[in-house]
Amino acid sequence: MGTWQLLLVGLVMLLGLLGVVTPGVPGPLIVWSGTLWWSMAELSALAWAVLAGGTGLLLLDQAVVRLLPRPRRTTAPAAGEAWATTLFTCLLVVGAWAAAVVLG
């Protein structure tokens, strides 16, 4: 995988991280798409392991977000009430990708 393609994958993942804190943008899906793009281009066991681990973490995050209690409000609920757990999960996936690129 070339340097420019790695930079583009990193940019997609950065946009996904920004999408987590931006209402209406599917940040975890963008992070997962960047991981999928990298693993499809890399085609190594490490790349597939990062994709599988990232997929599992992001699915687990979706289940945890659904189980978290929502604060009661009199106004309409804000989008992304549990954004901190989703941001942490996306940071784990991006960190695993960065470690795999640097060390692998």
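Read from start to end, the chain follows the pattern α-α-α-α. It holds four helices and zero strands. The structure is a predicted model, so a look at the predictor's confidence, called pLDDT and given from 0 to 100, is a good place to begin. The mean pLDDT of the chain is 87, and 89% of the residues reach 70 or more. Among the elements of the chain, α2 has the highest mean pLDDT, at 94, and α4 has the lowest, at 90. Of the 104 residues, 26% count as buried. Among contacts between residues at least 6 apart in sequence, 62% join residues at least 24 apart.

Helix α1 runs over residues 3-21 and so has 19 residues. From its first C-alpha to its last it reaches 28 Å, close to the 27 Å expected at 1.5 Å a residue. Its buried residues are V9, M13, G16, L17, G19 and V20. These cover an arc of only 160° around the axis, which puts them on the same side of α1. On the other side of this helix, T3, W4 and L7 are exposed. The cover over the buried residues of α1 includes α2 (27-42) and α4 (83-103).

Helix α2 can be read in a similar fashion. Its 16 residues should span 22 Å at 1.5 Å a residue, and the end C-alpha atoms are 23 Å apart, which agrees. The buried residues here are G27, P28, V31, G34, T35, W38 and S39. They cover an arc of only 130° around the axis, and therefore lie on the same side of α2. Among the elements that cover them are α1, α3 and α4. Just after α2, L43 takes a positive phi of about 55°.

One residue of α2 deserves a second look. S39 has its place in this helix, and is it buried or exposed? With a relative accessible area of 0%, S39 is buried, because the cut-off for buried is under 20%. Not counting residues up to four places away in sequence, S39 touches A47, W48 and L51.

The next pair to consider is α3 and α4. Helix α3 covers residues 45-67, and it packs against α4 at an angle of about 175°, with the two axes 9 Å apart. How are these two helices oriented relative to each other? Angles over 145 degrees count as roughly antiparallel, and α3 and α4 are therefore roughly antiparallel to each other. On the α3 side, the residues that meet α4 are L46, V50, G54, L57, L58, D61 and V65. Their partners in α4 are T85, T86, T89, C90, L92, V93, A96, W97 and A100.

W97, one of those partners in α4, is worth following further. This residue lies in helix α4 and is buried, with a relative accessible area of 10%. Which residues does W97 contact, leaving aside its neighbours within four places in sequence? They are L6, V9, G10, M13, W38 and V50. Two of these names, V9 and M13, also appear among the buried residues of α1, while W38 is listed among the buried residues of α2. V50 belongs to the α3 residues that meet α4. Finally, W97 and S39 are 58 residues apart along the chain, and their C-alpha atoms are separated by 9.5 Å.

Note on methods: Residues numbered from 1 in each chain as written. Predicted model: local features only at pLDDT ≥ 70, side-chain atom pairs only at ≥ 80, totals over all residues. Heavy atoms only, no water. Expected span 1.5 Å × (residues − 1). Buried < 20%, exposed > 50% of the residue type's maximum accessible area, 1.4 Å probe, protein only. Arc of directions from axis to C-beta. Contact = heavy atoms within 4.5 Å. Axes fitted to C-alpha atoms, helices over the stretch in contact; angles between N-to-C directions. Parallel < 35°, antiparallel > 145°, perpendicular 65-115°, else oblique.
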